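I opened this entry to keep track of what I looked up in the structure. The notes follow the order in which I went through it.

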Amino acid sequence: MRVVWMREFGGPEVLVPGEAPDPVAGDGRVVVEVAFANTTFVETQMRAGGPGPFRPRLPIVPGNGVGGVISAVGAGVDPDLAGQRVVTSTGGSGGYAQRVAVDAASVFPVPEGLALDAAVALLADGRTATGLIHATGVRPGDRVLVEAAAGGVGGLLVQLAKAAGASVVGAAGGPAKVARVLGADAVVDYSRPDWTSAVGEVDVVFDGVGGAIGTAAFGLLRPGGRMASYGLAGGSWAEVSEEDAAARDVSLVRGIGGPEDMRTFTKSALTEAAEGRLVPLIGQRFPLAQAADAHAAMESRTTVGKTLLVP
């Protein structure tokens with residue numbers, strides 16, 4: 001089968017199309033014919049050789065989320081799963097491929113009325129956004145700042161915060177991305193030096209950028225505010241300590257739950273999307289063999305919403 005290999009750390013060019021043996025549905029597992037593979041900004045950091053969990057052992061087929069149709073089931077698996085549309089995580093690798101074998105318990109059926117590409121776009125981003133809204137307790141009357149609001153998670157956070165009754169300021173970097181922020185009550189360009197003055201005080205910050213942008217956003221929180229960091233597109237986390245937060249009577253949300261919570265949040269996002277209440281933005285698609293181009297586009301900050309690979 002066709003896959004994308006990463007045999008060394010480096011720039012996008014280290015993602016090289018190749019071949020790998022077809023996976024087999026072992027005991028308790030299923031094989032999924034991949035229609036769409038998810039990509040995330042974290043995967044670009046992993047590819048570049050980032051520290052800690054971003055640095056896997058090589059060689060590896062990257063990719064941690066896919067959607068498609070189950071083509072084979074192993075022993076101990078309900079045979080009725082064969083032919084079902086599903087989305088699933090792959091356990092950290094193997095997703096940039098034509099087929100994957102995964103634990104049958106890890107798949108999520110795609111609800112009727114929800115397109116498979118939309119379901120894949122929601123697999124990681126939907127559960128993250130849903131969990132962040134839950135963890136920060138967004139409520140009617142809150143004023144919420146969403147950074148990276150033109151991105152996959154950010155765009156969903158705008159929708160979910162509005163649905164919770166909050167007023168939302170969407171922040172994005174540069175005029176092109178500002179123009180792609182949808183549904184916010186106000187939009188600001190955080191590439192401008194005076195961007196915080198256009199925001200004012202807020203009750204909740206969703207920090208998807210980190211670095212100086214996240215640190216500046218922390219300074220906008222009112223007493224009793226909550227800040228949740230969900231990304232470091234700026235290259236580092238915001239420089240905000242627990243002591244800083246306590247001094248200003250602000251809560252830092254460090255996590256959104258365990259494995260069962262993640263399953264609950266994923267199911268919720270898929271259900272909301274099937275009912276038309278949550279709409280992911282799929283900004284661009286690349287053929288699987290052009291995974292390097294997809295990574296280059298994400299790193300150049302020219303993408304909006306979700307970027308998918310199509311085997």
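I began with Arg301, which sits in the loop between H8 and S15. The model is a predicted one. Arg301 is not a glycine, yet its phi is positive, about 65°. I then checked its exposure: Arg301 counts as partly exposed, because its relative accessible area is 39% and that class lies between 20% and 50%.

**Helix H8**

Arg301 follows H8, so I turned to that helix, which covers residues 291–299. Which residues of H8 are buried? I noted Ala291, Ala292, Ala294, His295, Ala297 and Met298. An α-helix has 3.6 residues a turn, so residues three or four places apart point the same way. I also looked up what covers the buried residues of H8 and found, among others, strands S1 (2–6), S2 (15–19), S14 (282–287) and S15 (306–310), and helix H1 (41–47).

**Other backbone notes**

I found a second residue with positive phi that is not a glycine: Asp249, at about 55°. Asp249 belongs to the loop between helix H6 (242–247) and strand S13 (251–253). I also recorded a cis peptide bond between Leu58 and Pro59, with omega about 0°. Pro59 is in the loop that runs between H1 and strand S4 (66–73).

**Glu19 and Ala97**

I looked up Glu19, which is part of strand S2. Is Glu19 buried or exposed? Glu19 is exposed, because its relative accessible area is 54% and the cut-off is over 50%. Leaving out residues up to four places away in sequence, Glu19 touches Met1, Arg2, Val3 and Trp5. I took one long separation as well: the C-alpha atoms of Glu19 and Val178 are 40 Å apart, with their places 159 residues apart along the chain.

Ala97 came next, in the loop between strand S5 (85–88) and strand S6 (99–103). Ala97 is buried, because its relative accessible area is 1% and the cut-off is under 20%. With the same sequence neighbours left out, I listed Met1, Arg2, Val3, Val34, Leu288 and Pro311 as touching Ala97. Ala97 and Pro311 are 214 residues apart along the chain, and their C-alpha atoms are separated by 6.7 Å.

**Cores**

I then went to the largest nonpolar core, which has 62 residues. Val87, Val144, Leu145, Val146, Leu157 and Phe206 touch the most other members. Helix H2 (residues 116–136) gives the most to this core, 9 residues. Apart from this core I found another, of 33 residues, including Val14, Leu15, Ala37 and Ile60. In soluble globular proteins, nonpolar side chains tend to be buried together.

For Leu145 I wrote down the contacts beyond four places in sequence: Val169, Ala171, Trp195, Val199, Val202, Val204, Val205, Phe206, Ala217 and Leu220.

**Aromatic pair**

I searched the whole structure for aromatic pairs and got 1. Tyr190 and Trp195 form this pair, edge-to-face, at 6.4 Å centre to centre and 65° between the planes. Both Tyr190 and Trp195 are buried.

**Second largest pocket**

My last stop was the second largest pocket, with a volume of about 200 Å³. What lines this pocket? I listed Ser89, Ser106, Phe108, Arg127, Pro259, Glu260, Met262, Arg263 and Thr266. Helix H7 (residues 259–274) supplies the largest share of the lining, 5 residues. By class, the lining divides into 3 nonpolar, 3 polar and 3 charged residues.

Terms used:
Residues are numbered from 1 along each chain as its sequence is written. This is a predicted model: local features need pLDDT of at least 70, side-chain atom pairs count only at pLDDT 80 or more; totals for chains, interfaces and linings use all residues. Side-chain values use heavy atoms; hydrogens and water are left out. A nonpolar core is a set of buried Ala, Val, Leu, Ile, Met, Phe, Trp, Tyr and Cys residues joined through side-chain atoms within 4.5 Å. Buried means under 20% relative accessible area, exposed over 50%, partly exposed in between (1.4 Å probe, protein chains only). Helices (H or I, at least four residues) and strands (E, at least two) are DSSP runs, numbered from the N terminus. Contact means heavy atoms within 4.5 Å. On a 1 Å grid over the protein atoms alone, a cavity is a set of points where a 1.4 Å probe fits but cannot get out, and a pocket is an open set with protein on both sides within 12 Å along at least five of seven lines; lining residues have an atom within 4 Å of a point. Grid points are joined across faces, edges and corners, and a volume is the space filled by probe spheres set on the points. Ala, Val, Leu, Ile, Met, Phe, Trp, Tyr, Cys and Pro count as nonpolar, Asp, Glu, Lys and Arg as charged, and the others, Gly among them, as polar. Rings of Phe, Tyr and Trp (its six-membered ring) pair if their centres lie within 6.5 Å; planes under 30 degrees apart count as stacked, over 60 as edge-to-face and the rest as tilted.
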